[in-house]
Amino acid sequence: MKYIVPVQAVVTATEYDREPTAAELDAIDAEMPLISAQVELLDVQIMVLDRGSSELDERRIRRARRKVLAARRELANLSVSTAFVPEVGA
């Protein structure tokens, strides 16, 4: 019986076995306000998932959505003004 075993060097390319570069870390850092806003929106949506939403819950969802949109706008303005396109998390 022959065992089919992949060669380690072929399966795991050396390009993926490295730490993030300074540019990649800067891109993640630039996206962090958007990531935080999206996590906050998700938390609010999960909170009202198993019950009917009240007026206060609706306000929380709207506030979280506005925060996500504002963070997206700031990120888009940053990338246009500095010719910096953060695409790490996409």
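# Exercises on a three-helix model

Read from start to end, the protein runs α-α-α. The model is predicted. It holds three helices and zero strands.

## Exercise 1: Helix α2

Task: Find how many residues α2 has, what span it reaches, and where it bends.

Solution.
- Step 1. Locate the helix. α2 covers residues 22-47.
- Step 2. Take its length. α2 has 26 residues and reaches 36 Å from its first C-alpha to its last.
- Step 3. Set that against expectation. At 1.5 Å a residue, 38 Å is expected, and the span of α2 is close to this.
- Step 4. Find the bend. α2 bends by about 45° at Met-32. A proline, Pro-33, follows within four residues.

## Exercise 2: Two sets of residues in α2

Task: State which residues of α2 are buried, and which residues make the nonpolar surface patch.

Solution.
- Step 1. List the buried set. In α2, Ala-27, Glu-31, Leu-34, Ala-37, Leu-41 and Val-44 are buried.
- Step 2. List the patch. Leu-25, Ile-28, Met-32, Ile-35 and Val-39 make a nonpolar surface patch of about 380 Å².
- Step 3. Test one patch member. Ile-28 lies in α2. Its relative accessibility is 32%, so Ile-28 counts as partly exposed. Patch residues need over 30%.
- Step 4. Put this beside the whole protein. Buried residues make up 17% of the 90 residues. The protein exposes about 7500 Å², with 59% supplied by carbon and sulfur atoms.

## Exercise 3: Salt bridges

Task: Work out which parts the salt bridge between Lys-67 and Glu-40 ties together, and whether Asp-57 is buried or exposed.

Solution.
- Step 1. Recall the principle. Side chains of opposite charge can pair when their charged atoms come close.
- Step 2. Apply the cut-off. A salt bridge needs nitrogen and oxygen within 4 Å. The count comes to six.
- Step 3. Check the pair. The closest N and O atoms of Lys-67 and Glu-40 are 2.9 Å apart.
- Step 4. Place both ends. Lys-67 lies in α3 (residues 55-82) and Glu-40 in α2, so the bridge ties together parts 27 residues apart in sequence. Lys-67 is partly exposed, at 43%. Glu-40 is partly exposed too, at 32%.
- Step 5. Turn to Asp-57. Its salt bridge partner is Arg-51, with the closest N and O atoms 3.4 Å apart. Asp-57 has 4% relative accessibility, so it counts as buried. Arg-51 is partly exposed, at 43%.
- Step 6. Add a further pair. Arg-62 and Glu-55 meet in a salt bridge at 3.8 Å, N to O.
- Step 7. Look for shared partners. Arg-51, Asp-57 and Arg-60 are joined into one network.

Technical notes: Residues are numbered from 1 along each chain as its sequence is written. This is a predicted model: local features need pLDDT of at least 70, side-chain atom pairs count only at pLDDT 80 or more; totals for chains, interfaces and linings use all residues. Side-chain values use heavy atoms; hydrogens and water are left out. Patches are made of residues with over 30% relative accessible area and no salt bridge: like charges are joined within 9 Å, nonpolar side chains (Val, Leu, Ile, Met, Phe, Trp, Tyr) within 5 Å. Accessible areas come from the Shrake-Rupley method with a 1.4 Å probe; for residues, only the protein chains shown count as cover. A salt bridge is a side-chain nitrogen of Lys or Arg within 4 Å of a carboxyl oxygen of Asp or Glu. Helices (H or I, at least four residues) and strands (E, at least two) are DSSP runs, numbered from the N terminus. Buried means under 20% relative accessible area, exposed over 50%, partly exposed in between (1.4 Å probe, protein chains only). The expected span of a helix is 1.5 Å times one less than its number of residues. The bend at a residue is the angle between axes fitted to the seven residues ending there and the seven starting there.
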